[in-house]
Amino acid sequence: NRRAEITVLEFAPAVELLLNEHGACAGAILFNLETEAYTVVKAKAVVMATGGSGRLHMRGFMTTNHYGATGDGLCISYRMGAKLAHIDTFQYHPSGAVYPEQLIGQLVTEGIRSEGGHLVNAKGERFVNELDTRDVVSSSIIRECEEGRGIRTMSGRVGVWLDTPLLDVEHGPGTVEKHFPAMLMQFDRFGIDISKDPVLIYPTLHYQNGGVKIDTNSDTNVKNLFVAGEASGGLHGRNRLMGNSLL
């Protein structure tokens, strides 16, 4: 529950942080998207929790990120003197949907590969150990497509096949439906039965590894400015494992 004494301002993003005469963070300036008025909010401490920057679509990559993930927190923190760490590093999830267009960038669960689903190129060849780390699998898929062994969609996108029907062949009919019902329904909405037809996938921009540099208390080098979540930098180094974004 929201505490009654806290005022919540909707549709009013922060556009600048404030410094006091001692060089400490002392609040923010908000811009009301409806009235176009600026509001000064004073604070003893500011917590930056603006998430990642996948919606900048670096190098044209599709992304799993929400539409607000545009890196604004990094910019306004940097402008007030906060140090950044590893902001050139991102994690790409190996299997983002490439077709149909309505599902572009959405994750195709890694459980498919864990169950034995193969990744194959346009020639039907396997080209990577599907259970390798995300960076290895992603770079292998990109390499296949860059070297001309990808499958091109009608809209000009390119990807490789994730052999979902193989699960029913290897483990018996109904395996896909039993283990991956949500994914089956998701593709069924667009007339694709993933128990009979493979899924076209390509790496999708998933996680911003770097961010505003913090210490073990989420402190930055700017007094009274704290950063939490994906906007923070340093927890993962230059790479990130799977399943640890709760850090």
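Start by selecting L84 and V212: L84 stands opposite V212, which belongs to strand β11. Keep in mind during the tour that the model is predicted.

**The sheet around β11**

Widen the selection to strand β11, residues 211–213, together with β5. The two strands run antiparallel and are joined by two bridges. Now add β13 to see the whole open sheet, whose three strands come in the order β5-β11-β13. The pairing in this sheet is mixed. Which strands form the edges? They are β5 and β13, each of which pairs on one side only.

Next, show helix α1, which lies across β5 and β11. Relative to β11, the helix runs at about 35°.

**From the helix to strand β1**

Stay with α1, residues 72–79, and select R79 in this helix. Show its side chain along with that of E16: the two residues form a salt bridge, with the closest N and O atoms 2.9 Å apart. E16 sits in strand β1, residues 14–19, and the pair links distant parts of the chain, 63 residues apart. Is E16 buried, exposed or partly exposed? With a relative accessible area of 28%, E16 is partly exposed.

**D88 and R238**

Go back to β5, here residues 84–85, and follow the chain into the loop between β5 and β6 (90–97), where D88 lies. Select D88 and R238, whose side chains meet in a salt bridge of 2.6 Å, N to O. Why does this pair tie together separate parts of the chain? D88 is in that loop and R238 is in the segment after β13 (232–233), so the salt bridge connects parts 150 residues apart in sequence.

Switch on a surface to look at the accessibility of these two residues. D88 counts as exposed, at 54% relative accessibility. R238 has a relative accessible area of 48% and is partly exposed; the cut-off for exposed is over 50%.

**A buried pair**

Now select R149 and E144. Their side chains meet in a salt bridge, at 2.8 Å from N to O. Are these residues buried or exposed? Both R149 and E144 are buried.

**A network**

For the last stop, select E110, R113 and R134 together. A network of salt bridges links these residues.

To place these stops in the whole structure, how many salt bridges does a search find? The search of the whole structure finds nine, including the one between E16 and R79 and the one between D88 and R238.

Notes:
Residues numbered from 1 in each chain as written. Predicted model: local features only at pLDDT ≥ 70, side-chain atom pairs only at ≥ 80, totals over all residues. Heavy atoms only, no water. Salt bridge = Lys/Arg side-chain N within 4 Å of Asp/Glu carboxyl O. Helix = DSSP H or I, 4+ residues; strand = E, 2+ residues; numbered from the N terminus. Buried < 20%, exposed > 50% of the residue type's maximum accessible area, 1.4 Å probe, protein only. Pairing = 2+ DSSP bridges. Contact = heavy atoms within 4.5 Å. Axes fitted to C-alpha atoms, helices over the stretch in contact; angles between N-to-C directions.
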